[in-house]
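Reader: I'm new to this one and would like a close look at a single part. Could you walk me through the salt bridges, and add whatever helps me find my way around them?

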Amino acid sequence: RPTLAADGAQHLAEVNRVLSQPELMAIDQEYDRRRGKRKHDVAWYEVAAGLTSVRKIAEAVSRLPEYDYFYSVGSEITHSGEYKDHIRFANQLVHLKPVRHLDGIDTLVGHIASVAMRSFRVVLKRYRPGELNALSRKYIEDWQKPYRSIKSVTYK
């Protein structure tokens, strides 16, 4: 797009404006200090929590079993860690699935929805407890039926 460079510069200027606010300046300076001369960005959790991985954050907030379960399942699928997820032998034939296949997508989306709802509830309980009933109503009225009717995919 011809405006891409200008759009990027405008976005960067807005980000820098936000980060220059007094309440964010210390975080931005700490980020720059930790980044140093690296060519890649520092992980947000390293600056925000002083932790070196998302796993350590899960451990710090007593959610390590959830992290281990969700991360291990997603990582195996994403990184093709298990050949059994991608290859099948039947009737003297080899059947290959694409690396990014959709088997189990219904389960994955269900897990993601559960984690999202739990996260919303925890944040509301902490910062806006008066809105918990509204979230429950919203779920029942608008989200429950779609979440429970997620289609599965089967490869033949």
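Author: Here is a walk through the salt bridges, followed by a short look at two other spots. Keep in mind that this is a predicted model.

Let's start with the total: the structure holds 8 salt bridges. As background, side chains of opposite charge can pair when their charged atoms come close.

Helix α2 is a good place to begin. It covers residues 22–35, and both Glu30 and Arg33 belong to it, 3 residues apart, or about one turn of the helix. Their side chains meet in a salt bridge, at 2.8 Å from N to O. How open are these two to the outside? Arg33 has 57% relative accessibility, and because exposed means over 50%, Arg33 counts as exposed. Glu30, with a relative accessible area of 23%, is just partly exposed.

Now move along to Asp68 and Arg55, another salt bridge, where the closest N and O atoms are 3.6 Å apart. This pair links two helices: Asp68 sits in α5, while Arg55 sits in α4 (residues 54–60), so the contact ties together parts that are 13 residues apart in sequence. Both ends are partly exposed, with Asp68 at 33% relative accessibility and Arg55 at 35%.

Next comes Arg63, which forms a salt bridge with Glu66; here the closest N and O atoms are 3.2 Å apart. Arg63 is partly exposed at 32% relative accessibility, and Glu66 is partly exposed as well, with a relative accessible area of 30%. Going back to the pair in α2, there is a bit more to that story: salt bridges that share partners join Glu30, Arg33 and Arg34 into one network.

While you have helix α5 in view (residues 64–78), look for Tyr69, which lies in it. Tyr69 is partly exposed, with a relative accessible area of 42%. Together with Phe70 and Val115, Tyr69 makes a nonpolar surface patch of about 250 Å².

One last stop, if you want a landmark away from the helices, is the pair of strands. β1 (residues 87–90) and β2 (residues 93–96) run antiparallel to each other and pair over 4 bridges. They form a hairpin with 2 residues between them, and in that turn Asn91 has a positive phi of about 50°. Across the pairing, Phe89 stands opposite Val94 in β2.

Note on methods: Residues are numbered from 1 along each chain as its sequence is written. This is a predicted model: local features need pLDDT of at least 70, side-chain atom pairs count only at pLDDT 80 or more; totals for chains, interfaces and linings use all residues. Side-chain values use heavy atoms; hydrogens and water are left out. Patches are made of residues with over 30% relative accessible area and no salt bridge: like charges are joined within 9 Å, nonpolar side chains (Val, Leu, Ile, Met, Phe, Trp, Tyr) within 5 Å. Accessible areas come from the Shrake-Rupley method with a 1.4 Å probe; for residues, only the protein chains shown count as cover. A salt bridge is a side-chain nitrogen of Lys or Arg within 4 Å of a carboxyl oxygen of Asp or Glu. Buried means under 20% relative accessible area, exposed over 50%, partly exposed in between (1.4 Å probe, protein chains only). Two strands pair if DSSP finds at least two bridges between them.
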